[in-house]
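Student: Could you take me through one part of this model up close? I'd like to look at a pocket, then see what else is worth a glance.

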Amino acid sequence: GGHFGKPGNPGDAFARRGVSYTLKKPFFKICHNSEMTSSVEQTSTNAGDKEYLASVNVELGPVVSNLPGGLGRHSLVTRVDVGGRLSEEKTVTPYTSTTVINKDIIPLTSSTLKDPVVIASKTGMVVCGEGMPGWEMKRKGGECRIRGYRGLGEVSQAVSGTLELRIPTNIQKKVLKN
């Protein structure tokens, strides 16, 4: 089992023990890159609370394609989690989460250069159902983490995006040679 959370935060998961089974490419005819994982585990919090989790995770992607006219690349990853929590009081709480990550890379300089100047964008969306444990929301929200915002694990929905201008440091040499 691993350790999660910090001592002193009573609701954080402190230890997780369990078993998981992963199938690689179970949806090969739909998506070449796919994975399905099922798991059963016991968690313990710093406050001594225990619960049992059972879940199935399906991930499709990344599905990578060229943008129209060969002007860059596009990729998409989708993850869906369905599970349930069983408390020590024998209360069952179902939960779900969906994550979608979109990435695009568009060159701004000649595609004949080995390392062209590019614009790279990444957008992500995470939606978690109400039964999702807080530490799981933090883990799943990693794709939509907001710098400087500590409460991301407390929210059930997040959308984020980045836009980068990537300029290789050795571009001067290559431009002068051409």
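Tutor: Let's go straight to the second largest pocket, which holds about 210 Å³ of space. A pocket here is an open set of points on a 1 Å grid over the protein atoms alone, where a 1.4 Å probe fits, with protein on both sides within 12 Å along at least five of seven lines; lining residues have an atom within 4 Å of a point. The volume is the space filled by probe spheres set on those points, which are joined across faces, edges and corners. Thirteen residues line this pocket, and Arg-73, Ile-105, Pro-107, Pro-116 and Val-118 lie nearest its centre. Sorted by class, the lining has seven nonpolar, four polar and two charged residues; nonpolar means Ala, Val, Leu, Ile, Met, Phe, Trp, Tyr, Cys and Pro, charged means Asp, Glu, Lys and Arg, and the others, Gly among them, are polar.

Keep in mind that this is a predicted model, where local features need pLDDT (the predictor's confidence in each residue, from 0 to 100) of at least 70 and side-chain atom pairs count only at 80 or more, while totals for chains, interfaces and linings use all residues. Residues are numbered from 1 along each chain as its sequence is written, and side-chain values use heavy atoms, leaving out hydrogens and water. The chain averages a pLDDT of 78, with 73% of the residues at 70 or above.

Now over to Gln-42, in strand β3 (residues 34-45), a strand being a DSSP run of E, at least two residues, numbered from the N terminus. Its C-alpha atom is 4.4 Å from that of Tyr-52, 10 residues apart along the chain. Beyond four places in sequence, Gln-42 has contacts (heavy atoms within 4.5 Å) with Ala-15, Arg-16, Arg-17, Lys-50, Glu-51 and Tyr-52.

Terms used. Helices (H or I, at least four residues) and strands (E, at least two) are DSSP runs, numbered from the N terminus.
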